[in-house]
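Colleague: Before I rely on the labels attached to this model, could you take me through the reasoning behind some of them?

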Amino acid sequence: MQKVSIICVGKMKEKFYIDAAAEYTKRLSRFCKLEILELPEERLPEDPSPAQIEAALAKEADAIRAKLPPSAFIFAMCVEGKLRSSEDLARLMADSASWGGSHVVFLIGGSFGLHPSVKALAAEKLSMSPMTFPHHLARVMLLEQVYRAYQINAGSKYHK
């Protein structure tokens with residue numbers, strides 16, 4: 001069974017996000033061993049300077065790197081990433097297993113995204129949309145897309 005880790009910066013607080021994530025976590029238990037790691041988001045002032053943002057992202061990057069498993073296939077979720085269809089993601093996830101990637105990791109940054117050094121570690125940079133979403137909603141959307149990818153690869157009717 002493939003292992004999927006989602007390493008996210010920031011802790012969910014809103015019940016509706018928590019409930020949605022829990023539903024997809026339950027659904028995914030049939031297809032993979034899912035692990036969600038929440039890392040603390042660095043606190044910044046109300047109007048941070050670029051240097052403060054860079055320092056916070058670098059600190060978050062250190063925490064992310066410390067949690068990365070060896071030889072995992074890494075997806076970085078970032079606005080400049082490639083837009084892919086659900087079918088493309090399903091193929092990538094299936095292909096990663098054949099490339100020896102029994103462990104897939106998705107990285108979701110905090111309010112200011114991911115540090116470039118972390119993005120550089122990713123085999124794939126993915127974007128959900130050119131629109132901006134709260135990073136907690138992005139986590140729920142990613143969980144749904146991972147579930148959809150497994151459904152596509154299983155040939156189910158979930159994906160229409």
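Modeller: What follows sets several labels for this predicted model against their cut-offs.

Colleague: Why is the pair formed by the rings of F75 and F106 called stacked?

Modeller: The ring centres of F75 and F106 lie 4.7 Å apart with their planes at 10°, and because pairing asks for centres within 6.5 Å and stacking for planes under 30 degrees apart, the pair counts as stacked. Since F75 belongs to strand β3 and F106 to strand β4, the pair ties together parts that are 31 residues apart in sequence.

Colleague: What makes F75 count as buried?

Modeller: Its relative accessibility is 0%, and buried means under 20%, so F75 counts as buried; F106, also at 0%, is buried as well. Both are named among the residues with the most contacts inside the largest nonpolar core, which has 28 residues, and to which helix α5 gives the most, with seven residues.

Colleague: Why is the pair of F16 and Y17 called tilted?

Modeller: The centres of these two rings are 4.5 Å apart and the planes stand at 50°; stacked needs under 30 degrees and edge-to-face over 60, so the pair of F16 and Y17 is tilted.

Colleague: Which of the terms buried and exposed applies to F16, and which to Y17?

Modeller: F16, at 56% relative accessibility, counts as exposed, the cut-off being over 50%, whereas Y17, with a relative accessible area of 13%, is buried.

Colleague: How do you know that S86 is buried or exposed?

Modeller: S86, in helix α3, has 15% relative accessibility and therefore counts as buried; its side chain is joined to that of Q145 by a polar contact of 2.6 Å.

Notes:
Residues numbered from 1 in each chain as written. Predicted model: local features only at pLDDT ≥ 70, side-chain atom pairs only at ≥ 80, totals over all residues. Heavy atoms only, no water. Core = buried A, V, L, I, M, F, W, Y, C linked by side-chain atoms within 4.5 Å. Buried < 20%, exposed > 50% of the residue type's maximum accessible area, 1.4 Å probe, protein only. Helix = DSSP H or I, 4+ residues; strand = E, 2+ residues; numbered from the N terminus. Polar contact = N/O pair within 3.5 Å; in protein donor to acceptor, adjacent residues only side chain to side chain. Phe/Tyr/Trp six-rings, centres within 6.5 Å; stacked < 30°, edge-to-face > 60°.
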